[in-house]
Structures are given as structure tokens and as C-alpha cells.
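Trainee: I would like to go through this model and ask how each label is justified.
Mentor: Go ahead, one label at a time.

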Amino acid sequence: MKLITAIIRDTKLDQVREALVENEITRITVIRVSGRGQQTKEQIYRGKRIVPGLIPKVKLEIAVNDEFVDITVNTIIKAARTNESGEVGDGKIFITPLEDCIRIRTGEKGGKAI
Amino acid sequence: MILLRRRKLFVTGILLLLFAVNSSASDGNGVDTGITAWMLTSTALVLLMIPGLAMFYGGLVRTKNVIGTMMHSFAAMGIMTVLWISFGYSMCFGPNALGGWIGWDNNLLFLNGIDTEVNNGVPDYVFSMFQGKFAIITPALIAGAFAERVTFKGYVIFIAFWGILVYNPLCHWVWAKDGFLFNMGANGAIDFAGGTVVHISSGISGLVAAIYLGARRGYPRTSMPPSNLTLTMLGAGLLWVGWFGFNAGSSINSGLDTAQALTATQAAAAAGAITWMIIEGIHQGKATALGFASGILAGLVVVTPAAGVVRPYGALSLGAIAAILCYTAILVKNKSGYDDSLDAFGIHGVGGITGAIMLTFFIRKSWMSEAASLTEGGTWTVMQQLGVQVAAVLVSIAYAAVVTLVILIIVNKLFGLRAPAQMEMQGLDASYHGEHGYGMLNAS
């Protein structure tokens with residue numbers, strides 16, 4: 001079991017969700033976050049150049065069984081990338097091992113609880 | 001509207017002069033300061049409805065579209081005002097031109113000819129600015145039907161053409177003294193403050209636009225919750241307050257008929273709201289805030305054409321009927337699959353049609369006898385007036401639907417009105433304005 005944490009542009013949330021749903025990955029958690037990575041691209045707002053300090057992003061958390069890791073990651077990459085080649089600021093994906101998973105309703109444990 | 005009053009004022013004017021001469025204040029230019037003060041207030045109240053509408057609609061869309069949706073209302077304040085002053089007022093209130101399709105008077109372009117004009121104690125500037133607010137809010141109402149999926153540029157061009165080609169001719173037909181609906185039947189089609197001109201035209205146009213542009217991505221499967229109902233409730237409150245200017249101001253007077261319109265407005269809004277609350281409470285088990293707000297609007301819309309001719313029990317009845325019919329219309333919409341996002345047709349179209357037709361059964365006796373005295377035979381029945389009302393409604397529906405469809409097709413082909421999928425998914429705020437309505441939700 002793995003926990004996939006993806007940080008993406010807030011404007012890409014709908015694309016990513018639609019793509020995940022198409023691939024039958026529907027159980028996700030979404031959080032609004034602010035952060036700072038490599039992205040220092042200047043933006044022009046009302047004629048003024050600004051370099052945002054913390055940039056609004058969206059964080060997705062998806063717990064999956066091992067065989068679903070690749071499809072999930074590939075789907076996110078494809079949907080969250082700007083254009084074909086991608087741009088700085090498109091985000092990152094972290095994969096961490098997941099020790100256990102418990103469904104509260106039944107008390108089931110492990111892969112079948114995901 | 002003003003001219004309907006003129007006739008009545010002429011009849012009662014002489015009587016009033018006998019004992020009321022000392023009670024009205026004048027500034028020496030023929031301006032009645034009492035009436036003008038109320039008309040100035042009404043003008044400001046109707047303008048207040050537009051930010052009210054921006055809040056109402058803005059709260060109902062998803063977080064990524066709130067600025068774009070509020071801008072739909074605000075953009076109308078700019079565009080429609082400039083058009084109105086340039087030639088809109090001339091198209092609406094000039095003498096018949098092009099066979100009565102519109103009015104036109106070169107003297108009224110840029111309001112040039114009315115610098116010192118006063119009519120019935122009210123400066124023409126005040127009348128023109130008051131009427132101009134109606135020209136702003138009507139296209140802004142349509143935005144609710146295609147919310148969350150139009151380009152900003154396409155929208156701006158669409159409302160400009162819609163104002164010129166749909167609103168102005170309709171306004172001329174219904175409210176100018178030589179408009180053909182103003183003169184239909186014994187004493188004209190009754191449209192006190194804009195049931196046909198404002199609500200039916202915007203509601204029907206919204207329906208046509210919602211069907212032509214197609215549903216939002218994911219509708220109806222994806223849930224699209226309102227971003228901020230507190231904003232919507234404030235907006236509904238501002239609309240209710242502003243509607244006193246809209247309806248009571250439409251008497252172009254500060255007297256008995258103003259009081260009648262004001263009372264009818266309050267009665268219908270309250271009846272609409274509680275009827276909706278009761279229906280929803282019984283039908284769904286919970287009375288929602290949005291339902292209450294929708295009931296307020298249904299009541300206000302239905303009483304708009306009727307405010308001048310119905311008594312309070314009539315206004316209460318109309319409000320309740322409107323809530324029932326609009327509630328049903330929204331249930332039907334949910335089943336039929338077209339995406340009138342914020343129910344511009346469900347409330348304004350259905351409410352407007354209901355008001356324009358049902359008001360016939362609640363008309364004051366004095367209005368009917370006055371209408372009868374204007375006919376050759378000296379009789380005028382409810383059924384005859386019903387015929388006039390239905391004719392006016394059908395004319396508005398047919399004209400608004402056809403011309404709107406033509407404008408939609410042309411604007412969509414030339415400039416792009418339907419937002420591309422990518423833009424729709426990232427939201428109107430980021431796509432067309434480079435801003436975020438709810439930026440404060442994030443640390444930055």
C-alpha cells in the first residue's frame with residue numbers, strides 16, 4: 001500500500017479529478033494549501049510585476065494498493081501538466097509507504113480496506 | 001409608464017389643484033421637489049439591485065467562478081449605461097421609427113435635448129437615469145442562465161447587442177406613449193414595472209442561451225455547490241430593498257399610486273418567501289435559505305407587472321402562486337436536463353409570465369372602470385384584458401427568443417461565447433480576470 005501525495009496547480013484540479021475518475025480512482029482527499037517550490041515566475045497583475053511568495057496550490061492524498069500506483073501517478077502527471085512539455089509550477093508527487101489502512105465502519109484492515 | 005400616469009394625473013390634477021396647491025413644493029423651474037426626491041431615491045435603489053444581483057449570483061456559483069460571475073453584473077453597469085446615454089434612451093422613448101419597431105429622436109442622442117426638460121414635475125434627466133437602470137439589470141439577469149461557462153469577451157459583446165436589439169425595442173413597445181403594446185386594448189397591456197420588458201425577456205433569453213450553449217462540464221452528475229450562501233442571502237436582501245425603487249418608483253410619482261405599488265411589493269415578496277419555505281419544508285423535509293431567497297425573488301418578479309393595479313390580497317395571492325409555479329419549474333428543469341445554472345428562466349421567466357397573466361384576475365375595480373370609460377361601448381371585461389395580457393406575453397416571448405438565438409449564434413461564431421473546456425475547468429476567475437474571489441482562504 002502506498003500513499004500518493006500530489007501537489008498541483010489549483011486551476012488543474014478539475015482536469016486531474018476528471019482524469020482520475022475516468023481511470024476509476026475515485027477515493028481521494030483534496031486540501032487547499034499554500035506553498036513555495038521552484039516556481040518563481042513573475043506574474044503581471046494590473047500592470048505591476050509581482051513574484052508571489054506563497055502560491056495557492058491544491059494537495060491530493062490518495063491511498064492505493066501497490067498495483068494502482070503507476071496508473072494513478074501517470075494519470076496525475078498527464079492531467080496536471082501545462083501543455084505537452086510542462087512548466088515550472090506544475091507541482092510534485094510524493095509516494096510514501098503506507099503501514100496500514102483501517103475502515104472505521106467494519107474494522108477491516110489492509111489492502112481490502114482501501 | 002410615465003405616460004399612463006400622465007393620463008391619470010390629468011384627470012385628477014385639476015381636482016388636486018383646488019386644495020393641494022400649497023402642499024407641493026416647487027423650485028421655480030416646474031420641478032416638483034417631492035416627486036423628484038422620491039424618483040432620485042428610486043433611481044439609486046434600482047442601481048443598488050445590481051450589486052445585489054452580483055452578490056446573489058456570485059454566492060451561488062463555485063469558488064473558482066465567483067469573480068467572473070460578479071463581473072457579469074458589474075460589466076452591465078458600465079456597458080449598458082454608456083449605450084443608454086448614447087442612443088438607448090432615444091431608441092426606447094423617442095417617437096416611433098422603422099414602423100414602430102423602435103423609437104428614434106436625434107435630439108435625444110447623448111441626452112442632448114433634455115438638459116432643461118421637466119415633465120410632470122420630474123426632470124427628464126431623472127426619468128432617463130431611472131429607466132436606464134432597468135436597461136442595466138435586464139441583461140445582467142440573463143447571466144444567471146449561462147453562469148460558469150461563458151467567455152468574458154463573448155458575454156460583453158452579447159449583452160451589448162442584446163440590450164440594443166431585444167431590450168430597447170421591447171421597452172419602446174410597452175412603455176413609450178406610441179408603443180403598440182402600450183396602446184393595445186382599452187388602456188394598454190398592463191406592465192407596471194417590467195414583467196414583460198425585464199423578466200419575461202431576460203428569462204426566455206436565458207432559457208434559449210442555456211440550451212444553445214449546452215450544460216456546464218459534468219452537469220448534472222457533478223455536484224456544484226454554492227460557494228457562499230451568506231453572500232447570496234445578502235444579495236437577496238438588497239434585491240428586496242432595491243425593488244421598492246423598481247416598483248414604487250415606476251409610478252413616476254410620490255403619491256397614492258406609489259403607496260399602492262410599495263405595499264403590493266412587500267406583500268408579494270413575503271407571500272412568495274413563506275410559500276416556498278412551506279412547500280420545500282413539506283416536500284424535501286428541510287426549508288433551505290436558498291429556497292427562502294428564491295421565494296422572495298419569485299414574489300418580487302410576479303408583482304412587478306402587477307404592482308400598480310392589484311390590492312394587497314391580490315399581491316399576496318400572486319406571490320403564493322408564483323412560488324408554487326417557480327418551484328415546479330425548477331423541479332421540471334432538474335428532470336429535463338437543460339442547465340439554467342442559477343434559474344434565470346425558472347424564476348424570472350416563469351414568475352414574469354405568471355404575473356403578467358394572473359394579475360388580470362386581481363385588478364382594482366377603479367382601473368377596470370377607467371379602462372371601460374376609454375372604450376367606445378363603455379364596457380371592458382376581465383376576459384378582454386386577459387386577451388391583451390396574453391398577447392403581450394406571447395409577443396415578448398417570441399421576439400426575445402428569436403432575436404436572442406440570432407445574437408447568440410453570431411456572437412458565438414465570431415467571438416466565442418462558450419468557454420473552452422480548459423478555461424471552464426480552471427474557472428472564469430483565473431481564465432478571464434487573473435484573480436481569485438476567495439484568495440483569503442489561502443495563506444499567501
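Trainee: Where in chain B is confidence lowest, and where is it highest?
Mentor: This is a predicted model. In chain B, mean pLDDT is lowest in helix α1 (residues 2-20), at 48, and highest in helix α9 (residues 289-303), at 97. For chain B the mean is 91, and 93% of its residues reach 70 or more.

Trainee: What does the model show for residues 13-22 of chain B?
Mentor: Their pLDDT stays under 50, and the model has 0 contacts for them beyond four places in sequence. Where pLDDT is low, predicted coordinates should not be read in detail.

Trainee: Why is Ile142(B) called buried?
Mentor: The cut-off is 20 or more other C-beta atoms within 10 Å. Ile142(B) has 31 such neighbours, so it counts as buried. Ile142(B) belongs to helix α4 of chain B, where 17 of the 19 residues are buried.

Trainee: Which residues does Ile142(B) touch, beyond four places in sequence?
Mentor: Ser202(B), Ser205(B), Gly206(B), Ala209(B) and Ala344(B). The C-alpha atom of Ile142(B) is also 8.3 Å from that of Phe345(B), 203 residues away along the chain.

Trainee: How do you know that the length of helix α4 of chain B agrees with the expected span?
Mentor: The expected span is 1.5 Å times one less than the number of residues. For the 19 residues of α4(B), residues 124-142, that gives 27 Å; the end C-alpha atoms are 28 Å apart, so the two agree.

Trainee: Which members of the largest nonpolar core touch the most others?
Mentor: Of its 135 residues, Leu239(B), Ala268(B), Leu300(B) and Leu318(B) do.

Notes
Residues are numbered from 1 along each chain as its sequence is written. Chains are lettered from A and ligands numbered from 1 in the order in which they are written. This is a predicted model: local features need pLDDT of at least 70, side-chain atom pairs count only at pLDDT 80 or more; totals for chains, interfaces and linings use all residues. A nonpolar core is a set of buried Ala, Val, Leu, Ile, Met, Phe, Trp, Tyr and Cys residues joined through C-beta atoms within 7 Å. A residue is buried if 20 or more other C-beta atoms lie within 10 Å of its own, exposed if 12 or fewer, and partly exposed in between; C-beta atoms are placed from the backbone. Helices (H or I, at least four residues) and strands (E, at least two) are DSSP runs, numbered from the N terminus. pLDDT is the predictor's confidence in each residue, from 0 to 100. Two residues are in contact if their C-beta atoms, placed from the backbone, lie within 7 Å.
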